[in-house]
Amino acid sequence: MNRGAFLARVREAAQAGRAFRVTQPEELAARLAAPAADSEDLPSRLAAEIDAVGGHARLAVEWNEARELLAELLDCYEPSSALCWQHPALDALGLHGLLTERNVRPINYDSLHALDAAEQRRQMLTAEIGISGVTAAVAESGTLALASSPGQERLASLAPPVHVAVVAAEQIVSDLFDLFPGVEHGGHRAAISPGDSPARLNPADLPSNWVLITGPSKTGDLELKLTTGVHGPGKWHVIIVRAPLA
Amino acid sequence: MTSSSYARHEHHEFQAASAEALADANLQLALAHLGDTLGQRNRAAFAALAGADELRQRARAIKDAALANLDEHLKTLESSVERRGGHVHYAGDAADARQIVLDILRSRGAKRVVKSKSMTSEEIHLNAALAAEQIEAVETDFGEYIIQVAGHRPSHLVAPAIHLRTPQVAEVLSGDAGEPLPADAEQLAAYARRRLRAEFARADAGITGANFLVAETGTVVLVSNEGNIRLTTALPRIHIAIVGIEKVIPRLADMPVFLKVLARAATGQKLSIYTSFVTGPRRASELDGPEEFHLVLLDNGRSRILAGPLRESLFCIRCGACLNACPIFRNVGGHAYGGVYAGPIGAVLTPLYDGLAANEHLPHASSLCGACQAACPVKIAIPEMLIQLREQLHHEPGKLGFAEAAAYRLWSITMRHPTLYRIGTWLATRLSRFLVRSAKGDRPRWLRRLPGGLHGWTASRDFPAPAHQRFRDTWSENRIHSNHP
């Protein structure tokens, strides 16, 4: 069916269907009530929610402490290679030094981009741990938002059996609504200043892939019993740092 | 394992299939906990969400408004997708959609396809069409993979293999593995991970559906718990999304409203594990993601529904909550319904898409208890729609037997003539007294067996016995005996 005929049929149907509307157009103009006010400490709330969905969250006050927490994880999993984002939070914690000290081969944009596509893919798929920063985090649901870009590959949080993410407190917002632009709800946005936060999505320039992650990979397909690690990482660690990023 | 063909093929045999389902001990065990797991989690999650009803009403209002100008939103969507380097295709029906997908794959020499769970692709019978062209398609959702190997149809919107128990799954996957696998969920999932990772790595194209399409940004929103959808949209060089036109949402800002109610309704989670916003192919210099993106917009009967009184059925966001809430579904399972969509919403959608006359039993496969509407994240008035379909059914030629038609005519005449009505109720009290005599004791409250041709009605339920005295007689007596001054 060609485009014109397809759209003409839809137009006719949409017009006829207006006789059967079940809501008032004015309903959309009303503001949604605010999500509960967030007087609580966002890093603590985020950590609690991450634990509640089956992840493992650790809070650090300073970047040095965060470095120790990541070192513990590396000593626990003993990976031979790590697929890493290039991100200010990972620089702040000195990721490169940590990996070198332990003879873990870093796989990242700089090491990959000159290789041919097949070799890039082979290396990314065989990495034993994925280490990333985040673009934003949502305290209410224990969610990390990760936008893709060169240097911030989607596979880092997906292909390896273990994913470690590092979050700076200033990246945390209170509610899912706070990630979206122009949502008419009455809530105050404690964590970010309206309009100019890098955490907020810009409809005019979305990344090719933007993912919300809320837990380790799971399936309930066998008798509704939750089983972890089907396709994505079965182990999900989040290190939350209270100190500022810059 | 059931040898029934109902699990394998679409059919119009609701009564025979549900009778078989009720007698299937394994299926009954598999369905037993649906209500107190997923059903209960849905209720708890909405109870814990502040302003839940306001959000559900808003989601409903957004859908209603989007459908009222759907053609405009489709045009916006098209330009948004193209601006980001994607391609939009229009499929008027299932055959169109299959042809479009085959053309894309053939012209690019794609031989291997990974798929993530998509009811739309079930609806257009894509897998059979791909197989006929020697294109190998592998389902990657764990539940979908199990039933693909078993040759079954999905039996639930979000848990497609809910009809199988773990030992049955072990048997199915052991055949696939060529070695015996233990009946252990962790180990079976680990097998699927290994087996399917290899398929992801070598696939030429990934085919998905979509939970939502955002018109202003050209974004495909995909929700999953396993991560298979992310792999499907990260590794193959071509991404094809096949999506019904009713999935279009005007603005990005509308998305949190739907995301907040979708996962809560489906599984009681605040959000599913992965919610992906996919906007076009990978950008220059990105190392992963598809090089090509195609969006296939599917009508296939949707515009016909959009123009009519049951348009509200297009609000459905496919969470499966009405299935878990439904006492009928929880007893007969998904395959009994015969069509692509099962449960209460399937009882509405299948007659609309596939024809009412051929699916005459589906609008009656409900006690109209309203649990579906109460569980629905967009508050679709499913019971009301089932009643409308029942009414339409009576206008379908040849759908009413002679005896039934005569009985309704007699009923209609009696109800319009007070004298006839009085005689009728008097006869009923005589019947009651006769029953008391034959029961030699208290007046029976329920009749176990109706006489003559009516005994079919009491084969699986009792009939309420008529009262021994008419209401009008009781009323008159009480007026006489009461001591008003």
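What follows is a friendly dialogue on reading a predicted model.

Colleague: I am new to this one. How many helices and strands does chain A have?

Modeller: Welcome! Keep in mind that the model is predicted. Chain A has 7 helices and 12 strands. Its C-alpha atoms fill a box of roughly 70 × 50 × 45 Å along the principal axes. Of the 246 residues in chain A, 50% are buried.

Colleague: And what do the contacts in chain A tell me?

Modeller: Look at how far apart the partners are in sequence. Among contacts in chain A with a separation of 6 or more, 72% join residues 24 or more positions apart.

Colleague: Let us take one residue. Is A:V138 buried or exposed?

Modeller: The way to decide is to count neighbours: a residue is buried if 20 or more other C-beta atoms lie within 10 Å of its own. A:V138 has 28 such atoms within 10 Å, so it is buried. A:V138 sits in strand β5, residues 136-138 of chain A.

Colleague: Which residues does A:V138 touch, not counting those up to four places away in sequence?

Modeller: They are A:T143, A:V173, A:D175, A:L176 and A:L179. By contrast, try A:N108: it is 30 residues from A:V138 along the chain, and their C-alpha atoms are separated by 26 Å.

Colleague: What should I look for in a nonpolar core?

Modeller: In soluble globular proteins, nonpolar side chains tend to be buried together. Here the largest nonpolar core has 208 residues, and A:V167 and B:V296 have the most contacts inside it. Helix α13 of chain B, residues 255-267, gives the largest share of this core, with 9 residues. Beyond its neighbours within four places in sequence, A:V167 is in contact with residues including A:V134, A:L144, A:I172 and A:V238.

Colleague: How do I read a helix, say α19 of chain B? Which of its residues are buried?

Modeller: Start with length, then look down the axis. Helix α19 covers residues 382-393 of chain B; its 12 residues reach 16 Å from first C-alpha to last, close to the 16 Å expected. Its buried residues are B:I382, B:M385, B:L386 and B:L389. Seen down the axis, these fall within an arc of 100°, so they line one face of the helix. Their cover includes α15, α17 and α18 of chain B.

Colleague: Finally, at what angle do α1 of chain A and α5 of chain B pack?

Modeller: The angle is about 145°, with the axes 7 Å apart. In this contact, A:L7, A:V10, A:R11 and A:A14 meet B:L70, B:D71, B:L74 and B:K75. These residues divide into 5 nonpolar, no polar and 3 charged.

Notes:
Residues are numbered from 1 along each chain as its sequence is written. Chains are lettered from A and ligands numbered from 1 in the order in which they are written. This is a predicted model: local features need pLDDT of at least 70, side-chain atom pairs count only at pLDDT 80 or more; totals for chains, interfaces and linings use all residues. Helices (H or I, at least four residues) and strands (E, at least two) are DSSP runs, numbered from the N terminus. A residue is buried if 20 or more other C-beta atoms lie within 10 Å of its own, exposed if 12 or fewer, and partly exposed in between; C-beta atoms are placed from the backbone. Two residues are in contact if their C-beta atoms, placed from the backbone, lie within 7 Å. The expected span of a helix is 1.5 Å times one less than its number of residues. The arc is that of the directions from the helix axis to the C-beta atoms. Axes are lines fitted to C-alpha atoms, for helices over the stretch in contact, and angles run from 0 to 180 degrees between N-to-C directions. Ala, Val, Leu, Ile, Met, Phe, Trp, Tyr, Cys and Pro count as nonpolar, Asp, Glu, Lys and Arg as charged, and the others, Gly among them, as polar. A nonpolar core is a set of buried Ala, Val, Leu, Ile, Met, Phe, Trp, Tyr and Cys residues joined through C-beta atoms within 7 Å.
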